[in-house]
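Biologist: Before we use any terms, could you show me the model, so that we can then ask how each name is earned?

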Amino acid sequence: MTVSRALRQHPHLAAATRRRVLQVARELGYRPDPMVAKLMHHLRNRRKPVFQSSICALTNVPLNALRPYSRGVVADAKRRAEALGYAFSLAFIDTVPRAPGALQRILRSRGVDGILLLPMLRSDNFETLLDWREFSVVATTTSALKPEVHRVTPNHFRNMRLLCTELTARGYRRIGTVLPDVYAQRVHYAFNAAALWHGVWHGTELLAPLIYQGETPRRLREWFERERPDAIIASNPNNCRLLARALGLRFPGPVGFAATTAAREHPGIAGIDERPGDIGRTAVDLLTVMIQRGEKGLPKVPMSTQVPGGWIRGRSVGRKAGAGRAPSNANSREMIIFSE
């Protein structure tokens, strides 16, 4: 059993013992047989899993205010972790910790080996939050700018391309984006880049995006009258409703509304299903492999797994006259960014 654990890089085996076994294996020219490994994996999975260690999901968003994306990630991550024999917990992290090292001691006392980073209130650096050398870490967000860890996130660029394609297929030609600055920064402006790419190569009109700071855009009416969009893309269903009310528009109506991250619990709002459940399961699969191999601390080369989303229909997006015809390819005016 000790040799087996050493060859599988089991984290609960003493490091010196593991090194000694691996050294002897190299000297003997040992190579694992993939067919035997497959059989053993099958046998282990047939048994009811027992507690191995603990995974903790961290966020600085109040737990009663988690958005649908985070709730979807947590729900499926918990189910997947427990199915693999890992305890799973969710913890709120104070942006200004009261006692240095307190969080580290709490996680250590709970036997936490793996950490899942959830979306944060805003993009920020969390390098000093913990001594990351003690944990295996995977992020399900781009809002944790630092430390650089492995990530499983939505494919924001592809998702926005899909959103624009669906709007174009329904006859919309003047597609505008209205996004909070912190949200646009969080995804490295992938939404705006994809919308611009779609306009240039698919012949829809190029509209200046409205990037705003704060809770609501102050220059929304000015932007709307200048750009005359027939479809508006916002960051979530609530913002779709907020923008529609501010402009005196209704669903359905002459202007379509869609969200870059929609949810089926918001019926009527069209947009992108970012598949948070798949992201949660994939993140836990990656995290448990890292725990079993003893991969702790920050990786030399952080890797990113991007999960493509799907289209959610809603009455906020209708079908305009001329839907299905190829759009004209006339984009000659200069692009001006509306930024507050």
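Biologist: Why is cysteine 240 called buried?

Modeller: Buried means under 20% relative accessible area, exposed over 50% and partly exposed in between, with a 1.4 Å probe and protein chains only; cysteine 240 has 0% relative accessibility, so cysteine 240 counts as buried. Cysteine 164, at 1%, therefore counts as buried too. This is a predicted model, in which local features need pLDDT of at least 70 and side-chain atom pairs count only at pLDDT 80 or more, while totals for chains, interfaces and linings use all residues. Residues are numbered from 1 along each chain as its sequence is written, and side-chain values use heavy atoms, with hydrogens and water left out.

Biologist: How many disulfides are there?

Modeller: A disulfide is a pair of cysteine sulfur atoms within 2.5 Å, and by this rule the count is 0.

Biologist: How do you know that the length of helix α8 agrees with its number of residues?

Modeller: Helices (H or I, at least four residues) and strands (E, at least two) are DSSP runs, numbered from the N terminus. The expected span is 1.5 Å times one less than the number of residues; for the 13 residues of α8 (190–202) that gives 18 Å, and the end C-alpha atoms are 17 Å apart, which agrees. Among the buried residues of α8 are Phe191 and His198.

Biologist: What makes both faces of strand β10 (residues 231–234) count as covered?

Modeller: Ala231 and Ile233 on one side, and Ile232 and Ala234 on the other, are all buried. In a regular strand the side chains alternate between the two faces of the sheet.
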